[in-house]
Amino acid sequence: MNMKKKVLVTREVFDETLAHLAQHFDVSSNQGNEQWSADDLVQRLQGKDGALVTTSDRVDDALLSRCPQLRVVSTVSVGYNHIDLDACTRHGVMATNTPGVLTDSVADMAICLTLATVRRLAEGERLVRARQWPGTHLKQLLGHDLHHATVGIAGFGRIGQVIAKRLRGFDTDVLYHTRHRAEAAVEQAYGASYVSKDELLARSDILILILPYSPETHHFIGRAEMAKMKRSAVLINMARGGIVDDAALAEALRDGVLWGAGLDVYENEPRVNEALFALDNVVLSPHIASATEPTRQNMAMTAARNCVAALTTGVPPNLLNPQVQATVSRAG
Ligand code: DGY
């Protein structure tokens, strides 16, 4: 008898996602959203052929060495810095992600977090909820405008480009910096001008980070970079924790080196640098940039389809390490 392959889903997903996987596999899922240690994860993954993981699951050599049956790790995210791709390739494991389906929602959230920060929305909400609002007056909670601001975008992939598109509606000047400059036609379509990193830092009233995390982008914005920004500037991190030095950011916000910040991601999530809690000029959002019902549904289903294709045809869409197919062909 042909035994069904086994798949582990490490976090709660939608019923539709499970139903799709269950058409092909014997599926176990963490529908109770229990917090698993790295060791729990390894133990549960042993004997599994596939895994649907999230950004909080670290997939590295140590894990893969202990799960030799694993053939695919399908992350329900576009970012994949939690997966060691080289280790996956060495172990003959396909790694996949979910690009495209979350672009618009993340771009929307970039605008949301920017507006919340420049207009001091969270601070105002705290005031009202604390029943300490004395009534409106002329100089209360004065913020900055997004309209007509110079907005810098660091990272100009799919999401960065859609953020630029959204920003046109606010009559902003959009600057961008990225490793590989975009084609002139793309710059023109999104009304964005390429500048050096230093120019981006110096000219941006608002700087939105949406670049991938890697050892090269670790602390892309640290103390030295903040010192090059305007004292009136606002920093928005939509990308990944670790791209900003959060300790240096807390100091910069406290000392007036920067005016404000909006963070959707943190170094060492889910922990948040304690110094940030003491500050009113930072908006803290819990890594929810893609968290709308339809987008999360799409992400989970895309990850499920990746997993099915990987284990049935060996050719999943959104394969992050195509070299693996040369290393070993074990699907079927
Ligand atoms: C992503 O898709 O990388 C997001 O950060 C996860 O929510």
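Does N318 count as buried, partly exposed or exposed, and at what relative accessibility? In the predicted model examined here, N318 counts as partly exposed, with a relative accessibility of 28%. N318 is located in the loop between α13 (293–312) and α14 (323–327), and its backbone adopts a positive phi of about 60 degrees although the residue is not a glycine.

A second residue with a backbone of this kind is R120, which is not a glycine and yet has a positive phi, of about 55 degrees. R120 lies in the loop between α5 (103–118) and α6 (121–129), and its relative accessible area of 23% makes it partly exposed, because that category covers values from the 20% limit for buried residues up to the 50% limit for exposed ones. The peptide bond between E269 and P270 is cis, with omega about 5 degrees, and P270 belongs to the loop between β11 and α12. As background to these backbone features, most residues other than glycine have a negative phi, and most peptide bonds are trans.

The loop between β11 (260–263) and α12 (274–277) also holds D264. This residue is buried and nevertheless has no salt bridge, the nearest side chain of opposite charge being that of R296, at 7.0 Å. Since a salt bridge requires a side-chain nitrogen of Lys or Arg within 4 Å of a carboxyl oxygen of Asp or Glu, the distance of 7.0 Å to R296 does not satisfy the criterion. The side chain of D264 does, however, reach two backbone nitrogens, that of I288 at 2.8 Å and that of A289 at 3.1 Å.

R296 is also one of the residues around the ligand, a set that comprises S77, V78, G79, L102, R240, H287, S290, R296 and M299. By residue class, this shell divides into three nonpolar, four polar and two charged members. Polar backbone atoms of two shell residues approach ligand oxygen atoms, with a distance of 2.7 Å in the case of V78 and of 2.8 Å in the case of G79. For R240, an N or O atom of the side chain is 2.7 Å from an oxygen atom of the ligand. The ligand taken alone exposes 230 Å², of which the protein buries 87%.

Definitions and conventions:
Residues are numbered from 1 along each chain as its sequence is written. This is a predicted model: local features need pLDDT of at least 70, side-chain atom pairs count only at pLDDT 80 or more; totals for chains, interfaces and linings use all residues. Side-chain values use heavy atoms; hydrogens and water are left out. A residue is near a molecule or strand if one of its heavy atoms lies within 4 Å of it. A polar contact is a pair of N or O atoms within 3.5 Å; within protein, one must be able to donate a hydrogen and the other to accept it, and residues adjacent in sequence count only if both atoms are side-chain atoms. Accessible areas come from the Shrake-Rupley method with a 1.4 Å probe; for residues, only the protein chains shown count as cover. Ala, Val, Leu, Ile, Met, Phe, Trp, Tyr, Cys and Pro count as nonpolar, Asp, Glu, Lys and Arg as charged, and the others, Gly among them, as polar. Helices (H or I, at least four residues) and strands (E, at least two) are DSSP runs, numbered from the N terminus. Buried means under 20% relative accessible area, exposed over 50%, partly exposed in between (1.4 Å probe, protein chains only). Lys and Arg count as positive and Asp and Glu as negative; His and the chain ends are not counted.
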